[in-house]
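Here are some exercises to work through with the structure open beside you. Try each task first, then follow the solution one step at a time.

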Amino acid sequence: MPQQKQRKLSEWVNFLTSAEIPVLKQTARNLAILEQDEQHLNARSIAHVVKYDPLMTVKLLRYLQQHKHRCQEHDVVEVEQIIMLLGLETTLHKVSAKPLVEEILGRDNMSALVYLLRVTHRANLASSYAFDWAIRLHDLHFEEIRIAALLHDITEILMWCFSPNEMLKIRNLQKLDKSLRSTAAQESILGFSLHQLQLELAIKWKLPELLITLMDDNCSKLKRVRNVALAVNLARHSANGWDDASLPDDYEEIAKLLHLQVWEIVTLVGANKQPESQINNEYC
């Protein structure tokens, strides 16, 4: 893997394009169990496992885009549809659930693994919020919106895996200066922002245009993009505890999006019931 101080943005893009994307151990375990159960092995059951792992989801999506048939006129984003297009055999063996994140990081990078799992858990929360709000808004692209929220911070997850030392340095900078913006901290250590890297990767991997747009906060004038951005913000801020100072503003913006009262949003997201967010043990 690249040594960050010697590598530019373009070199990271090339590295992450050629690198085998790792998956979570829990994902590999669940797929292995499912593969032995022929009675329940189908596109839907595989998708049910895959869609909770941002890494496996983007791995599958990248493979499809790299092996896109000329007769495929429309981009496909939904996981179950991708599996049906590729076929079960290809999905399970050509887009295999390996290597494992836990093996790549090893015992020497347990702190990085914890942060990676937290971002993954956060991504799942964001995808759940975005999906629910899209349904409430009668948006027919609800599945694309869910995946966009799931993959919104995929570059952060990848960099925790492939560049743990630099990511820890970024984390420490922000701990020392809580007013320091994430982008500034990233540029200070990496020489570029994770948003820049993600945009470059999305283009290089030829990800669907709709997905790229939904993941881009710069397109926030679009209601769908605002849905994704607000879901990601809520998941990120609530991870600090339900007393996080940014949450009241989040509730206000979500209320505007869904045409509800703020107190209804607080009830909707369960903020008046939930304890401080902790990493979900199912990822360990």
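**Exercise 1. Find which helices each supply at least two residues of the lining of the second largest cavity, and describe that lining.**

Solution.
- Step 1: In this predicted model, the helices to pick out are H10 and H13, each of which supplies at least two lining residues.
- Step 2: Compare their shares. H13 gives the most, with three residues.
- Step 3: Now list the whole lining: Val58, Leu151, Ile154, Thr155, Gln198, Leu201, Ala202, Trp205, Leu207 and Met215.
- Step 4: Sort these residues by class. Eight are nonpolar, two are polar and none is charged.
- Step 5: Add the volume, which is about 60 Å³ for the second largest cavity.

**Exercise 2. Work out which residues line the largest cavity, and which element gives the largest share.**

Solution.
- Step 1: Begin with the count: the structure holds three cavities of 30 Å³ or more. The largest cavity has about 80 Å³ of space.
- Step 2: Around the largest cavity you will find His195, Gln198, Leu199, Ala202, Ile212, Met215 and Asp216.
- Step 3: Assign the residues to elements. H13 and helix H14 (209–215) are the elements that give two or more residues to this lining.
- Step 4: Of the two, H13 has the largest share, with four residues.
- Step 5: By class, the lining of the largest cavity has four nonpolar residues, two polar and one charged.

**Exercise 3. Describe how H1 packs against H13: are the two helices parallel or oblique?**

Solution.
- Step 1: Two packed helices are described by the angle between their axes and the distance between the axes.
- Step 2: For helix H1 (residues 9–18) and H13, the axes come within 10 Å and cross at roughly 50°.
- Step 3: H1 and H13 are therefore oblique to each other.
- Step 4: Add the hand of the crossing, which is right-handed for H1 and H13.
- Step 5: Name the partners. From H1, Leu9, Trp12, Val13, Asn14, Leu16 and Thr17 meet Gln196, Leu197, Glu200, Leu201 and Lys204 of H13.
- Step 6: The residues of this contact divide into six nonpolar, three polar and two charged.

**Exercise 4. Do the same for H11 and H12, starting from their angle.**

Solution.
- Step 1: The axes of H11 and H12 lie 9 Å apart, and the helices pack at an angle of about 135°.
- Step 2: That angle makes H11 oblique to H12.
- Step 3: H11 passes H12 in a right-handed crossing.
- Step 4: On the H11 side, the contact residues are Glu166, Lys169, Ile170, Leu173 and Gln174, and they meet Ser182, Ala185, Gln186, Ser188, Ile189 and Leu190 in H12.
- Step 5: By class, five residues of the contact between H11 and H12 are nonpolar, four are polar and two are charged.

**Exercise 5. Map the largest pocket: how many residues line it, and which lie nearest its centre?**

Solution.
- Step 1: The largest pocket contains about 1,700 Å³ of space.
- Step 2: Its lining has 46 residues, and Arg122, Glu156, Gln174, Ser182 and Arg236 lie nearest its centre.
- Step 3: Look for the elements that give two or more residues to this lining; they are helices H8 (110–136), H10 (154–162), H11 (164–176), H12 (182–190), H13 (194–204) and H15 (223–238).
- Step 4: H15 gives the most, with eight residues.
- Step 5: By class, the lining of the largest pocket has 15 nonpolar, 19 polar and twelve charged residues.

**Exercise 6. Turn to the second largest pocket and sort its lining by class.**

Solution.
- Step 1: About 150 Å³ of space lies in the second largest pocket.
- Step 2: Its lining is made of Arg44, Ala47, His48, Lys51, Glu78, Val79, Glu80, Phe131, Glu143 and Arg146.
- Step 3: Helices H3 (43–50), H5 (79–86) and H9 (142–151) each supply at least two of these residues, and H3 has the largest share, with three.
- Step 4: The classes come out as three nonpolar, one polar and six charged.

**Exercise 7. Locate two backbone features in loops, at Pro99 and at His138.**

Solution.
- Step 1: Go to the loop between helix H6 (88–93) and helix H7 (101–105), where Pro99 sits. A cis peptide bond joins Lys98 and Pro99, with omega about 0°.
- Step 2: Move to the loop between H8 and H9 to find His138. Phi of His138 is near 55°, a positive value in a residue other than glycine.

Terms used:
Residues are numbered from 1 along each chain as its sequence is written. This is a predicted model: local features need pLDDT of at least 70, side-chain atom pairs count only at pLDDT 80 or more; totals for chains, interfaces and linings use all residues. Side-chain values use heavy atoms; hydrogens and water are left out. On a 1 Å grid over the protein atoms alone, a cavity is a set of points where a 1.4 Å probe fits but cannot get out, and a pocket is an open set with protein on both sides within 12 Å along at least five of seven lines; lining residues have an atom within 4 Å of a point. Grid points are joined across faces, edges and corners, and a volume is the space filled by probe spheres set on the points. Ala, Val, Leu, Ile, Met, Phe, Trp, Tyr, Cys and Pro count as nonpolar, Asp, Glu, Lys and Arg as charged, and the others, Gly among them, as polar. Axes are lines fitted to C-alpha atoms, for helices over the stretch in contact, and angles run from 0 to 180 degrees between N-to-C directions. Angles under 35 degrees count as roughly parallel, over 145 as roughly antiparallel, 65 to 115 as roughly perpendicular and the rest as oblique. A crossing is left-handed if the near helix is turned anticlockwise from the far one by less than a right angle, and right-handed if clockwise. Contact means heavy atoms within 4.5 Å.
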